[in-house]
Amino acid sequence: MKRFVVCGGGYGGLAIIDRLLAGGMPEDVEVVLIDRMPFQGLKTEYYALAAGTVTDVDIRVAFPKDDRVRIHYGQITSIDLDNKLIHLHEDDPISYDQMAIALGCTDRYHGITGAEEFGNSIQSLSSTRRTYQLLNDIKPYGQMTVVGGGLSGVEMAAELRESRPDLNIRILDRGPRVLSSFPVKLSNYVSDWFIEHEVELRSHINVCQLEQGVIYNRREQDIEAIQSDVTVWTAGIQPVKVVQDLNVPKDPQGRVLLNSYHQIEQYPEVFVVGDCASLPFSPSAQAAGAQGEQIADVALALWKGEPPKLGRIKLKGVLGSLGKKSGFGMFGKRPMVGYVPRVIKSGVLWISKNHFG
């Protein structure tokens, strides 16, 4: 039997497995999925769990049940590419003939003192649960701060506004405006929504240190102390430590460089998918899923002794929420705001939870 190991049961990992199962996988191939949890957590919805507007069970998706897939629960501590071994915490290593690394990302703290300790995370289910507890324990009229005005920070602040109308909420961003990578029209719509809902927006903030209850902003002449009962960190991501430790070529963001078949050039039996992979577009669940399908197509072609044929990955767009009744999105180069993109996002979430794509 040949063993194809998928490290991580997120969007990219499950896309690989679903495509392999549907694509006529050879009988002499065993698929092994390694994950810490017995289900997929819908990471795009962690902000809602942290805000308390959904429950933990609402964002769980069951792993596929198929005799051709063996699920091994465990924490991956390191990967030995030369000896084809995956090392696990307090468990025997697992060998592979082929492997897909789909371990996702963690927060990037940019070397800022205290950021990891006091900047609460929504990058994993366990960290999101802790952040939920802290946010919902804030006393009425307390201060909550989001560091980072990108997609995650915007959705976190908006959802919490609906969950806790009593709180003072602010977003601190290093750039000139929230969602600075999006068109100005869309960014302005989101800013107006926050102003209407009494969320404080502060731009050009240079966070230099975090302490319990305080965020320090380095200004030209001095350092400003900004009070915050709870701070949520959404100011950047990077691949997980297991991928950081791999001695392979990477891009400036620490993501693994790949060939046109999503393989590590020196180790063609190893694929990398999602947030760990160096791709020509921003990390997203959609990108991970599309790349995962292509990786499965490559593996199926190689097993059949055929040359893989891949097209260019085309992403459909980006969707974001402003609570439960408003949202925003980019469809190609066209921005869309209001109720419609929020409804579309709800539909996409339903499709994901029900294994339709």
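**Exercise 1. Burial and overall form**

Task: State what share of the residues of the protein chain counts as buried, then describe the overall form of the chain.

Solution. Step 1: of the 357 residues in this predicted model, 49% count as buried. Step 2: a compact globule with 357 residues would have a radius of gyration near 21 Å, and the protein chain agrees because its own value is 21 Å. Step 3: the C-alpha trace spans about 60 × 40 × 35 Å along its principal axes. Step 4: the chain is built with nine helices and 23 strands. Step 5: take the contacts between residues at least 6 apart in sequence; 65% of these join residues at least 24 apart.

**Exercise 2. Surface and charge**

Task: Find how much area the protein chain exposes, and how many positive and negative side chains the protein chain has.

Solution. Step 1: the exposed area is about 17,300 Å², and carbon and sulfur atoms supply 50% of it. Step 2: there are 38 positive and 42 negative side chains. Step 3: the centres of these two sets lie 5 Å apart.

**Exercise 3. Cysteines**

Task: Determine how many disulfides the structure holds, and explain why Cys105 and Cys276 do not form a bond.

Solution. Step 1: a disulfide is a covalent bond between the sulfur atoms of two cysteines. Step 2: to count here, the two sulfur atoms must be within 2.5 Å. Step 3: the closest cysteine sulfur to that of Cys105 belongs to Cys276 and is 7.9 Å away, so the distance is too far for a bond. Step 4: the structure holds zero disulfides. Step 5: for burial, the cut-off is under 20% relative accessible area. Cys105 has 9% and is therefore buried. Cys208, with 18%, is buried as well.

**Exercise 4. Arg170**

Task: Place Arg170 in its strand, decide whether Arg170 is buried or exposed, and list its contacts beyond four places in sequence.

Solution. Step 1: Arg170 sits in strand β12, which covers residues 168-172. Step 2: its relative accessible area is 10%, so Arg170 is buried. Step 3: leaving aside neighbours within four places in sequence, Arg170 touches Gln143, Met144, Thr145 and Val146, then Val199 and Glu200, and also Ile226, Gln227 and Ser228. Step 4: for a distance across the model, take Gln286; this residue is 116 residues from Arg170 in sequence, and their C-alpha atoms are 29 Å apart.

**Exercise 5. Ser326 and helix α9**

Task: Describe the setting of Ser326, then classify Tyr339 and Val340 by accessibility.

Solution. Step 1: Ser326 belongs to strand β22, residues 326-331. Step 2: with a relative accessible area of 8%, Ser326 is buried. Step 3: setting aside neighbours within four places in sequence, the residues in contact with Ser326 are Tyr189, Trp193, Ser321, Gly338 and Arg342. Step 4: for Arg342, 16 residues along the chain from Ser326, the C-alpha separation is 5.4 Å.

Step 5: turn to helix α9, which runs over residues 339-353 and includes Val340. Tyr339 is also in helix α9. Step 6: exposed means over 50% relative accessible area, and partly exposed covers the range between buried and exposed. Tyr339 has 55% and therefore counts as exposed. Val340 has 47%, so Val340 counts as partly exposed. Step 7: compare sequence and space for these two residues. Tyr339 and Leu322 are 17 residues apart along the chain, with 9.4 Å between their C-alpha atoms. Val340 and Leu21 are 319 residues apart along the chain, with a C-alpha separation of 34 Å.

**Exercise 6. Positive phi angles**

Task: Give the phi values of His110 and Leu179, and locate both residues.

Solution. Step 1: most residues other than glycine have a negative phi. Step 2: His110 is not a glycine, but its phi is positive, near 60 degrees. His110 is found in the loop between β10 (105-107) and α3 (115-118). Step 3: Leu179, also not a glycine, has a positive phi of about 50 degrees. Leu179 is in the loop between β12 and α6 (184-196). Step 4: the relative accessibility of Leu179 is 1%, so Leu179 counts as buried.

How values were computed. Residues numbered from 1 in each chain as written. Predicted model: local features only at pLDDT ≥ 70, side-chain atom pairs only at ≥ 80, totals over all residues. Heavy atoms only, no water. Helix = DSSP H or I, 4+ residues; strand = E, 2+ residues; numbered from the N terminus. Rg over C-alpha atoms; globule rule 2.2 N^0.38 Å. Buried < 20%, exposed > 50% of the residue type's maximum accessible area, 1.4 Å probe, protein only. Contact = heavy atoms within 4.5 Å. Areas by Shrake-Rupley, 256 points an atom, 1.4 Å probe, with all protein chains shown as cover. Lys, Arg positive; Asp, Glu negative; His and termini not counted. Charge placed at Lys NZ, Arg CZ, Asp CG, Glu CD.
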